[in-house]
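This report covers domains, surface patches and backbone angles in turn. Please keep the model open while reading.

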Amino acid sequence: MAYTKKEIPTLNPIITTNNLTKRFGKATALNELNLKDGGGISGFVGPNGAGKTTTIHILLGFLKPNDGTATVFGLDCWKESLKIRQKIGFLQEHPAYPSAFTAQRFLEHVGHLYGLQQPKQKAKDTLKEVGLAHAAEKAIGTYSAGMFQRLGLAQALIGEPQLVILDEPTANLDPSGRLELLEKIKQLHKDKGICFLISTHILPELEKICNWVSIINEGSIVEQGYIQDLANKYSSNTYRITVSDPPTFLKALQKQTFIEEAWSEENIIYAKVKDTNAFREEAPRIATAKKMQLIELRPVYGALEQIYSIAMKREEQ
Amino acid sequence: MKYKKFFRLTLWEFEEIWRLPTLELIIGIAVFFGLSSTTAPSSLPLRQIVDVEGNMFRLTLFEMFIIAVLFARSVAGNIEKREILNLFTYPVKRVSILASKFIVNVSLIFIIFASVIVARGLLSQLEPWNTLMLIVLFILFLETLFFSTLSLLLSVIAKKTWATILLVIIFFFTITSFMPQLEPPLKYAIPTYGAQAMFSYLALGSHDYTFEDFTVALSSMVIMSIIFLLVSFIHFKRMQVD
């Protein structure tokens with residue numbers, strides 16, 4: 001289930017850009033971009049060539065903006081890049097790691113660069129955390145695409161970062177690998193409070209773990225905010241509800257004035273609502289009153305796809 | 001902490017670039033070029049170590065090529081394959097990254113070629129701490145430094161492995177083909193001729209070369225190396241990668 005506002009542990013934005021502009025010759029890659037993150041797990045979406053990677057590269061200090069400002073943890077991305085890099089981890093879209101190194105040795109080196117006290121042990125622990133302990137002593141050059149991506153995550157995590165930026169993290173993974181990675185991200189955020197900025201094309205996946213999304217097109221932000229808020233703004237107000245006693249809950253729901261229509265499909269209840277706030281307050285109460293367990297309550301849109309589609313269309317118009 | 005990180009970067013560079021079979025290959029070829037002699041034995045002991053007209057020039061050519069290949073792989077190759085982006089994301093200064101690459105490669109190339117020359121001297125019963133031997137090593141160091149800084153500069157500008165190697169070769173053959181027409185002492189601003197001039201003046205006491213020739217040779221090599229190095233670091237520090 002996607003996070004709601006109340007569940008987010010950190011709300012202060014870590015990343016802020018103000019009128020960020022980047023030009024390559026005559027081509028404008030970023031045009032007065034105003035990006036911020038949600039402080040938890042944030043999605044950064046947009047079509048190919050929209051400027052996602054350029055933005056990330058500015059945040060990491062690879063590129064100097066032509067105009068505007070970009071800050072991470074309140075620090076200037078170009079002038080104070082070193083301080084920022086001490087606090088963040090990065091997984092690039094097409095990573096290249098020294099193929100002759102073993103994963104253990106590679107992470108040891110990275111750990112030293114972050115100034116860790118026990119880089120050897122930390123490398124071991126991190127490899128275990130990402131499920132690569134069995135391949136720790138294998139040369140990186142022999143790794144499969146999935147293992148390579150996990151190693152990428154490991155090198156992003158070893159420095160104990162407060163923020164991890166992932167550029168297309170699921171691009172080279174099969175469906176099960178994608179799910180595992182997303183679960184890992186969710187778990188890391190929950191257990192260690194690590195914030196993530198995830199740039200990806202695959203919206204349904206993002207929707208599962210993100211609380212915030214920024215949509216970029218042609219170098220500008222076309223929409224951003226909490227997914228829940230954007231869903232309320234853009235979606236058709238249809239919710240999916242899973243309860244321990246679907247027939248009873250459905251009957252009770254159909255009597256409510258804030259419900260436009262409610263139906264059941266394979267023990268899952270769908271409700272089209274007139275008043276979202278009333279529905280979100282009342283639905284748990286109905287379940288409690290009927291002494292049943294409310295297992296899941298979330299908008300059916302695919303919210304993010306719908307938000308993305310509408311926002312992009314609006315932008316084109 | 002800074003030194004620890006720098007040490008780690010140099011170790012990383014050493015393990016990455018100088019892994020098998022690079023090291024063995026370079027040592028093997030250096031030994032072959034350095035110890036094989038094509039000229040008749042000379043009465044001067046030092047001529048038995050480094051023949052100015054023959055072996056030293058061959059060694060220089062080979063050394064130049066090795067330096068170009070190593071820097072092209074280590075710096076331009078890293079940028080081309082985007083491995084450098086990883087290093088850029090870690091909390092280390094760009095200057096440290098480039099300095100570690102430069103120091104590791106220069107040191108190892110010098111150690112290998114110096115070892116070959118010392119070995120050649122030992123075979124000729126010449127002690128390594130002999131003044132003449134130290135002069136040869138000094139000139140070798142200057143040559144290594146010059147070609148390394150040149151290769152470094154072309155690597156950070158070209159950002160592609162083969163382009164870097166090609167540019168170094170073109171640069172070398174351009175200056176050796178066209179600049180000999182220059183009159184001394186300007187001619188000795190060219191590193192290969194400069195090395196010969198310095199060697200002949202210092203070690204052999206040749207009257208064919210004047211102090212002015214020696215000064216031009218030495219200062220041009222040092223000044224050009226410093227300029228190449230500074231421009232490389234400034235360019236690398238400001239380099240934008242996307």
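A:K64 is partly exposed, with a relative accessible area of 42%. The model is predicted. A:K64 sits in the loop that links helix 1 (52–59) to strand 4 (67–72) of chain A.

**A charged patch**

A:K64 also belongs to a patch of positive charge on the surface. The other members are A:K79, B:K93, B:K237 and B:R238. The patch therefore draws on residues of chain A and chain B, and membership requires over 30% relative accessible area and no salt bridge. A:K64, at 42%, is over that cut-off.

**Chain A: domains**

Chain A is split into two parts: domain 1 spans 5–226 and domain 2 spans 236–316. Their centres, taken over C-alpha atoms, are 33 Å apart.

**Chain A: positive phi**

Most residues other than glycine have a negative phi. Two residues of chain A have a positive one: A:N19 and A:F73. The table sets them side by side.

| Residue | Phi | Location in chain A | Relative accessible area |
|---|---|---|---|
| A:N19 | near 50° | strand 1 (residues 15–24) | 40% |
| A:F73 | near 55° | loop between strand 4 and strand 5 (75–76) | 22% |

Are these two residues buried, partly exposed or exposed? A:N19 is partly exposed. A:F73 is partly exposed as well. Buried means under 20% relative accessible area, so A:F73, at 22%, does not count as buried.

**Chain B: helices**

How many helices and strands does chain B have? It has 10 helices and 0 strands. Read from the N terminus, its elements run α-α-α-α-α-α-α-α-α-α. Chain B holds 242 residues, and buried residues make up 52% of them.

**Chain B: a nonpolar patch**

Which residues form the nonpolar patch on the surface? They are B:V222, B:I226, B:L230 and B:I234. Together they have about 340 Å² of accessible area. One of them, B:I226, lies in helix 10 (residues 211–238) of chain B. Its relative accessibility is 45%, so B:I226 counts as partly exposed. That value also clears the patch cut-off of over 30%.

**Back to the two patches**

Chain B takes part in both patches. B:K93, B:K237 and B:R238 are in the positive one, while B:V222, B:I226, B:L230 and B:I234 make up the nonpolar one.

Definitions and conventions. Residues are numbered from 1 along each chain as its sequence is written. Chains are lettered from A and ligands numbered from 1 in the order in which they are written. This is a predicted model: local features need pLDDT of at least 70, side-chain atom pairs count only at pLDDT 80 or more; totals for chains, interfaces and linings use all residues. Side-chain values use heavy atoms; hydrogens and water are left out. Domain bounds come from an automatic or database domain assignment. Patches are made of residues with over 30% relative accessible area and no salt bridge: like charges are joined within 9 Å, nonpolar side chains (Val, Leu, Ile, Met, Phe, Trp, Tyr) within 5 Å. Accessible areas come from the Shrake-Rupley method with a 1.4 Å probe; for residues, only the protein chains shown count as cover. A salt bridge is a side-chain nitrogen of Lys or Arg within 4 Å of a carboxyl oxygen of Asp or Glu. Lys and Arg count as positive and Asp and Glu as negative; His and the chain ends are not counted. The place of a charge is taken as NZ of Lys, CZ of Arg, CG of Asp or CD of Glu. Helices (H or I, at least four residues) and strands (E, at least two) are DSSP runs, numbered from the N terminus. Buried means under 20% relative accessible area, exposed over 50%, partly exposed in between (1.4 Å probe, protein chains only).
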